[in-house]
Amino acid sequence: MANNLPTIPAFEPGTNPSESWRHWKEDFEDYLEALRYSDAPEKTKTALFRHLCGEELKKQLRAFDLKPNDGCEGVTLQQVLQEFDKYFLDYQNEIFASFKFLEIKQEQGEKFTDYYSRLRNAVVECNYGESQDRMLRDKIIQGLLDKALQERLIRETSKKAKTLQEVVSECKTAENSKVQASVMNEKLSVNALKNFRNYRNQSKNNQKNEVNCKQCGKIHEKKKCPAYGTKCRNCDGRNHWAKMCRTQRNKQKNVAARRVNAIEENCENSETIYIGGLKSVNELDMKETNCVV
């Protein structure tokens, strides 16, 4: 039989050997099935067990000193697994298992299905019996990361009890709805950003193509002056309007310059007259003084 699958890791007891054994045994049985060793001779399956289990289980297996059952040529794999089941039963601690179960909470970014799987695996060691589904249901709600969903489930459950499967179904639906809404909003945001960039680029292009025209006095695209082909009412010239006529502006400049010159001349004449007036007054004062003397 060709071995195309990677070998499973050796057994590690961890902090909860009973739970670790249960998980490792499941992996080992899946490995046998995947490689089609299920129908192989018992001697082959037990040899494969010893090859994969690691030094700790191999040492304990020798301590069991198992004997073949009646009618069997050797020790069967079923004997080996059952013996280890009994051995690790002594390590099972319901109080510690319950403590670990009750400490579980949905982690940031963790999918609900992964959170639910962790709870399902942990609850087995607690031996809650017929109360297992109820404990799972309550723990799911208590450890939810989505507080709005948690509040709604508590409110609805207080009015009418929900089964474990109903709570699981609602949690999955709520998670899927959030993912779908997120995808929709992301697409809308991308489209909005794309439209904004197109608008901004178009505006920049329009600004590049626009000029503050000296012929008509308006802002327009290049080579699209409304004054082109028209006749100026001021100078009869073409391709510009009267308000932008250079002849008119030159006249205005000349008129303004003449006004400034006139104002300056008036100011100078006023000062001369005033000074002359002061001189005449002084002369009269002197004459009056001489007469008195």
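## Exercises on helix packing and salt bridges

Helix α6 passes helix α7 in a right-handed crossing. Keep in mind throughout that you are working with a predicted model.

**Exercise 1. Describe how α6 and α7 pack, and sort their contact residues by class.**

Step 1. Begin with the axes. Those of α6 (residues 112-123) and α7 (residues 132-142) come within 11 Å and cross at roughly 140 degrees.

Step 2. Name the arrangement. An angle over 145 degrees would count as roughly antiparallel, so at roughly 140 degrees α6 is oblique to α7.

Step 3. List who touches whom. From α6 come Phe112, Tyr115, Tyr116, Leu119, Arg120 and Val123, and they face Gln132, Asp133, Leu136, Lys139 and Ile140 of α7.

Step 4. Sort them by class. The contact of α6 with α7 has seven nonpolar residues, one polar and three charged.

Step 5. Look at the loop between the two helices, where you will find Asn127. Asn127 is not a glycine, yet its phi is positive, at about 55 degrees. Its relative accessibility is 42%, so Asn127 counts as partly exposed.

**Exercise 2. Repeat the packing analysis for α2 and α3, then compare the angle with the class limits.**

Step 1. Helix α2 (residues 42-53) and α3 pack with their axes 7 Å apart, at an angle of about 135 degrees.

Step 2. Since roughly perpendicular ends at 115 degrees and roughly antiparallel needs over 145, the α2 helix is oblique to α3.

Step 3. On the α2 side the contact uses Phe49, Arg50 and Cys53, while α3 brings Leu57, Lys58 and Leu61.

Step 4. By class, the contact of α2 with α3 holds four nonpolar and two charged residues, with no polar ones.

**Exercise 3. Which residues does Leu81 contact beyond its neighbours within four places in sequence, and is Leu81 buried or exposed?**

Step 1. Place the residue: Leu81 lies in helix α4 (residues 77-89).

Step 2. Check its accessibility. The relative accessible area of Leu81 is 6%, and the limit for buried is under 20%, so Leu81 is buried.

Step 3. Collect the contacts. Setting aside neighbours within four places in sequence, Leu81 touches Trp21, Lys25, Glu29 and Phe49. Phe49 should look familiar: it is one of the α2 residues that meet α3.

Step 4. Add a distance. Leu61 is 20 residues from Leu81 along the chain, and their C-alpha atoms are 10.0 Å apart.

**Exercise 4. Take three salt bridges and describe the surroundings of their partners.**

Step 1. Get the total: a search of the whole structure finds 16 salt bridges.

Step 2. Start in helix α1 (residues 17-34), where Arg22 and Glu26 lie four residues apart, about one turn of the helix. Their side chains meet in a salt bridge with an N to O distance of 3.9 Å, which falls within the 4 Å cut-off. Arg22 is buried at 17% relative accessible area, whereas Glu26 is partly exposed at 39%.

Step 3. Move to helix α3 (residues 55-64). Lys58 and Glu55 form a salt bridge whose closest N and O atoms are 3.7 Å apart. The two residues are three apart in the helix, so about one helical turn separates them. Lys58 is partly exposed, at 23% relative accessible area, and Glu55 counts as exposed at 56%. Lys58 also takes part in the contact with α2.

Step 4. Finish with Lys67 and Asp65, whose side chains meet in a salt bridge at 3.6 Å, N to O. Lys67 is exposed, with a relative accessible area of 55%.

Step 5. Look for a network as well. Arg152, Glu156, Lys162 and Glu170 are joined into one by salt bridges that share partners.

**Exercise 5. What is the phi of Arg36, and where is Arg36 found?**

Step 1. Recall the background: most residues other than glycine have a negative phi.

Step 2. Now examine the residue. Arg36 is not a glycine, but its phi is positive, about 60 degrees.

Step 3. Locate it: Arg36 is found in the loop between α1 and α2. With a relative accessibility of 68%, over the 50% limit, Arg36 counts as exposed.

**Exercise 6. Summarise the whole chain.**

Step 1. Count the elements: the chain has 10 helices and two strands. From the N terminus, their order is α-α-α-α-α-α-α-α-α-β-β-α.

Step 2. Turn to burial. The chain has 293 residues, and 26% of them count as buried.

Step 3. Close with contact range. Of the contacts between residues at least 6 apart in sequence, 53% join residues at least 24 apart.

Definitions and conventions
Residues are numbered from 1 along each chain as its sequence is written. This is a predicted model: local features need pLDDT of at least 70, side-chain atom pairs count only at pLDDT 80 or more; totals for chains, interfaces and linings use all residues. Side-chain values use heavy atoms; hydrogens and water are left out. Buried means under 20% relative accessible area, exposed over 50%, partly exposed in between (1.4 Å probe, protein chains only). Axes are lines fitted to C-alpha atoms, for helices over the stretch in contact, and angles run from 0 to 180 degrees between N-to-C directions. Angles under 35 degrees count as roughly parallel, over 145 as roughly antiparallel, 65 to 115 as roughly perpendicular and the rest as oblique. A crossing is left-handed if the near helix is turned anticlockwise from the far one by less than a right angle, and right-handed if clockwise. Contact means heavy atoms within 4.5 Å. Ala, Val, Leu, Ile, Met, Phe, Trp, Tyr, Cys and Pro count as nonpolar, Asp, Glu, Lys and Arg as charged, and the others, Gly among them, as polar.
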